[in-house]
Amino acid sequence: AEHSVMYPVDLVKTRMQSLRPAPGAQYRSIFHALGRVFTSEGPLALYRGVGVLMAGAGPAHALYFSAYEMIKNKFSTNPGHNPLVNGMAGVVATLVHDACMNPAEVIKQRMQVYNSPHRNTLACAQYIWKNEGWRAFYRSYSTQLTMNIPLQSTQFCYLRSCTAPP
């Protein structure tokens, strides 16, 4: 649900990061962009590609928490807080989650660009697979991990230290 609520802002972010935006996609601010997309492309354009993100988020989140709990339970030697184990579990959870979500992110971003040539997410996925190969779905995987691993491992260490019994 959180993915769909902020999706229009994500669409604007993707478009504003374009190297050479088309004249119809040059925006002064987030609100200008949201208004322009809404009026010139219609309200559904704000959610173009959201389906693939929603389809990938459920399994990715389930795998994320399952991997975290599995690693934490396998390597915890006592019921108390173990920062190293929690951090390691956060790393593994992130590896699994991002491996599942990266293809969805690639398709989502290709659908979000101004004047995307893809009519729907399935056509976009097929185009990428046929013309660029499966590796195109993971081209940004290392970048995602570089951003997410430090955050997630630190987050789990901190959250578990706050909730661990004294």
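# Close-up views of a predicted model

**View 1. Helix H2, tucked into its surroundings.** With 7 of its 10 residues buried, H2 is largely enclosed by the rest of the structure. Bear in mind that this is a predicted model. The buried residues of H2 are Tyr-7, Pro-8, Asp-10, Leu-11, Val-12, Thr-14 and Arg-15. What sits over them? The cover for the buried residues of H2 includes H1, H3, H5 and helix H4 (50–75).

**View 2. Arg-15 and Glu-41, a salt bridge between H2 and H3.** Here the two side chains come together in a salt bridge, at 2.7 Å from N to O. Why does this pair link separate parts of the chain? Arg-15 belongs to helix H2 (residues 7–16) and Glu-41 to helix H3 (residues 30–41), so the bridge ties together parts that are 26 residues apart in sequence. Buried or exposed? Arg-15 counts as buried, at 3% relative accessibility, whereas Glu-41 has 32% and counts as partly exposed.

**View 3. Glu-132 and its two arginine partners.** Start with Arg-110, whose side chain meets that of Glu-132 in a salt bridge of 2.7 Å, N to O. Arg-110 is part of helix H5 (residues 83–112) and Glu-132 is part of helix H6 (residues 121–132), so this pair joins parts that lie 22 residues apart in sequence. Now look at Arg-139: Glu-132 forms a salt bridge with this residue too, with the closest N and O atoms 3.5 Å apart. As for how open the three residues are, Arg-110 is partly exposed at 22% relative accessibility. Glu-132 is also partly exposed, with a relative accessible area of 30%, while Arg-139 is exposed, at 56%.

**View 4. A salt-bridge network.** Asp-10, Lys-13, Glu-105 and Lys-108 are joined into one network by salt bridges that share partners. Asp-10 is one of the buried residues of H2. How many salt bridges are there by the rule used here? The count comes to 7.

**View 5. H5 packed against H7.** The axes of H5 and helix H7 (residues 141–163) are 8 Å apart, and the two helices pack at an angle of about 145°. Their crossing is right-handed. On the H5 side, the contact residues include Pro-83, Gly-87, Gly-90, Val-91, Leu-95 and Ala-99. From H7, the residues making the contact include Tyr-141, Leu-145, Ile-149, Phe-156, Cys-157 and Arg-160. What kinds of residue make up this contact? The split is 9 nonpolar, 9 polar and 2 charged.

**View 6. Gln-109 and Gly-49, a pair from distant stretches of sequence.** Gln-109 is found in helix H5, and its relative accessibility of 34% makes it partly exposed. How many residues separate Gln-109 from Gly-49 in sequence? The two are 60 residues apart along the chain, and their C-alpha atoms are 7.7 Å apart in space.

**View 7. How confident the predictor is.** Averaged over the protein, pLDDT is 90, and 96% of the residues score at least 70. Which elements mark the two ends of the scale? Among the elements of the protein, H6 has the highest mean pLDDT, at 97, and helix H1 (residues 2–5) has the lowest, at 79. To tie this back to the earlier views, H6 is the helix that carries Glu-132, and H1 is among the elements covering the buried residues of H2.

Terms used
Residues numbered from 1 in each chain as written. Predicted model: local features only at pLDDT ≥ 70, side-chain atom pairs only at ≥ 80, totals over all residues. Heavy atoms only, no water. Salt bridge = Lys/Arg side-chain N within 4 Å of Asp/Glu carboxyl O. Helix = DSSP H or I, 4+ residues; strand = E, 2+ residues; numbered from the N terminus. Buried < 20%, exposed > 50% of the residue type's maximum accessible area, 1.4 Å probe, protein only. pLDDT = per-residue confidence, 0-100. Axes fitted to C-alpha atoms, helices over the stretch in contact; angles between N-to-C directions. Left-handed = near helix turned anticlockwise from the far one by under 90°. Contact = heavy atoms within 4.5 Å. Nonpolar A, V, L, I, M, F, W, Y, C, P; charged D, E, K, R; others polar.
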